[in-house]
Amino acid sequence: MKTSFINGAFQGQNDNVLRNINPSDTNDLIDEFARVGREETDLAISAAKAAAVDWGQSNPQKRFDVLDFIGSEILSRKQELGELLSREEGKTLVEGIGEVTRAGYLFKFFAGEALRIPGQRLDSVRAGATVDITREAVGVIGIITPWNFPVAIPAWKIAPALCYGNSVVFKPAELVPSSAWALAEIISRSGLPDGVFNMLIGPGSAVGDAIIKNRSVDAVSFTGSAGTGASIAQQCATRMAKVQLEMGGKNPLIVLDDANLELAVDIAVQGSFYSTGQRCTASSRVIVTDGIYQDFAQLFAERTRALRVGHALDPQTQIGPVVDSKQLEQDLSYIRLGQEEGASLIAGGGLVNAKTPGYFLQPALFSDVDNSMRICQEEVFGPVVTLSRVTDYEAALAQAEDTQFGLSAGIVTSSLKHAEHYKRHASAGMVMVNMPTAGVDYHVPFGGTKASSFGPREQGSYAVDFYTKVKTAYQLPM
Ligand code: NAD
């Protein structure tokens, strides 16, 4: 049975077993893990605290070497790690390998960033004095991640945390322990001093809660649902810990009359349904202007019906299974709700019989929706999409903006005027022109506005804001 990684060793063996089941084939037991609780979490936090000072002062070359080693090994094993990821999370193999590749490059990017940690020297306004503005490690970072990107999300938090000299206590989602364990195993051989990196397998209510409440954890980076995020922010605020939250989305994709029809449908299908719609950046509201609506709706529905749903590792599969029975029940309940609210289900929405027992759902497309319906306002986190008809760009923009979320927003158009206007007026943190709302680069900032995100941006050189604290030092000549 596999265990957590605490203070430089895999440990925490006990009888509380977490069984990792393949959502494409529920007869396939991937692995078993010993769950840990509060006691082991506090142990890991103490180890991280003890290691933080030295690591915070470590040589940038050492940090580069560690991060570069991790990135190189991930990239050289992308096929094997991609397969493991797809087997436990359910995204297709192409998507699994793509995610692992991205994680490898994230470590490589932050290896380089370790060599260029920014700082400034300014002349003081007081005669002869100088002012140094430096960035220092924050200390111990608690990292809490969701199940839908089991390698990439941990990578985009762990890599900058280590890069800027912090120690880490990482708690992955319980649905995806195998990817987290594989990542921890690679990190365990990277040359990090004991205690700098820890990985704990266990429930959010025990391990996650212990991380948030422990005063030795200086900052918490969380990605997950809005409800959990809000409670984490409140608890961190009471003890003045730094916090960064990435949460849900209800991302609009606008299609204007002047769009290329084939391109627009490709972008809608890819952004809405790939990765089984289980992406915080998925296009879940498609908003189409009158002139192209009929043709677009017909082709989008045809393409949705034709999507091949099946085992994640089958090369024919375009859409893998839903991650587990609970998420499948949530998807089905929103499909029922949409019908009760008066929307028309024009494609999919039913269970799919496959060769193996799994959580297979034909992507669902609703038309005739009103943006105030719950299926247009609440995050489903599955392959369930609404299609609405508007008169013109201005109406489309107003509807796109009518949401509590602000993660990603897309538009398909050949009008430079509308593309430019949308980039400036969409309130989301990320805007996509003629590209799907989901699918982002690894070297630029990622994050949203409104209820989607809280705190400094993740990724790219902007990650420095969360993972460092700023010091201003004044000096008169000796
Ligand atoms: P979740 O909130 O249920 O769980 C996320 C993590 O928090 C898990 O590791 C879980 O164990 C832990 N957790 C749960 N309760 C906790 C508690 N009381 N204290 C501390 N930790 C706790 O989310 P999920 O179901 O794993 O993921 C799906 C959600 O993640 C969706 O809402 C999706 O939009 C969001 N998501 C957001 C982004 C983004 O960057 N904006 C990316 C991916 C997923």
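User: Which residues come nearest the ligand in this model, and how many are around the ligand?

Analyst: Keep in mind that this is a predicted model. There are 26 residues around the ligand, and T145, S225, M247, C280 and E379 come nearest.

User: What makes T145 a polar contact of the ligand?

Analyst: A polar backbone atom of T145 sits 2.7 Å from a ligand oxygen atom. The cut-off for a pair of N or O atoms is 3.5 Å, so the pair counts.

User: And what about the side chains of K171 and T228?

Analyst: For K171, a polar side-chain atom is 3.1 Å from an oxygen atom of the ligand. For T228, the distance from a polar side-chain atom to a ligand oxygen is 2.9 Å. Both values fall within 3.5 Å, so these are polar contacts too.

User: Moving to G112, why is this residue called buried?

Analyst: G112 has a relative accessible area of 11%. Buried means under 20%, so G112 qualifies. G112 belongs to helix α4, residues 93-113. In space, G112 is 6.4 Å from F64, C-alpha to C-alpha, though 48 residues separate the two in sequence.

User: How do you know that β5 and β6 pair?

Analyst: Strand β6 (residues 130-137) is joined to β5 by 4 bridges. Pairing needs at least two, so β5 and β6 pair, and they run antiparallel. One example is R121, whose bridge partner in β6 is D132.

User: What makes the sheet an open one, and which strands stand at the edges?

Analyst: The sheet has 3 strands, in the order β5-β6-β22, with antiparallel pairing. The edges are β5 (120-123) and β22 (468-475); each has a single partner strand, so one side of each lacks a neighbour in the sheet. From one strand to the next, the twist averages 20°.

User: Which residues touch the most other members of the largest nonpolar core?

Analyst: That core has 64 residues, and F107, F110, I158, F197 and M199 touch the most other members. Helix α5 (residues 152-163) gives the most to this core, namely 9 residues. Another core, of 28 residues, lies apart from it and includes A264, I319, V352 and L365.

User: What is M199 in contact with, beyond its neighbours within four places in sequence?

Analyst: M199 is in contact with T3, S4, F5, F170, P172, A180, W181 and A184. They count because contact means heavy atoms within 4.5 Å.

Technical notes:
Residues numbered from 1 in each chain as written. Predicted model: local features only at pLDDT ≥ 70, side-chain atom pairs only at ≥ 80, totals over all residues. Heavy atoms only, no water. Buried < 20%, exposed > 50% of the residue type's maximum accessible area, 1.4 Å probe, protein only. Axes fitted to C-alpha atoms, helices over the stretch in contact; angles between N-to-C directions. Core = buried A, V, L, I, M, F, W, Y, C linked by side-chain atoms within 4.5 Å. Near = heavy atom within 4 Å. Polar contact = N/O pair within 3.5 Å; in protein donor to acceptor, adjacent residues only side chain to side chain.
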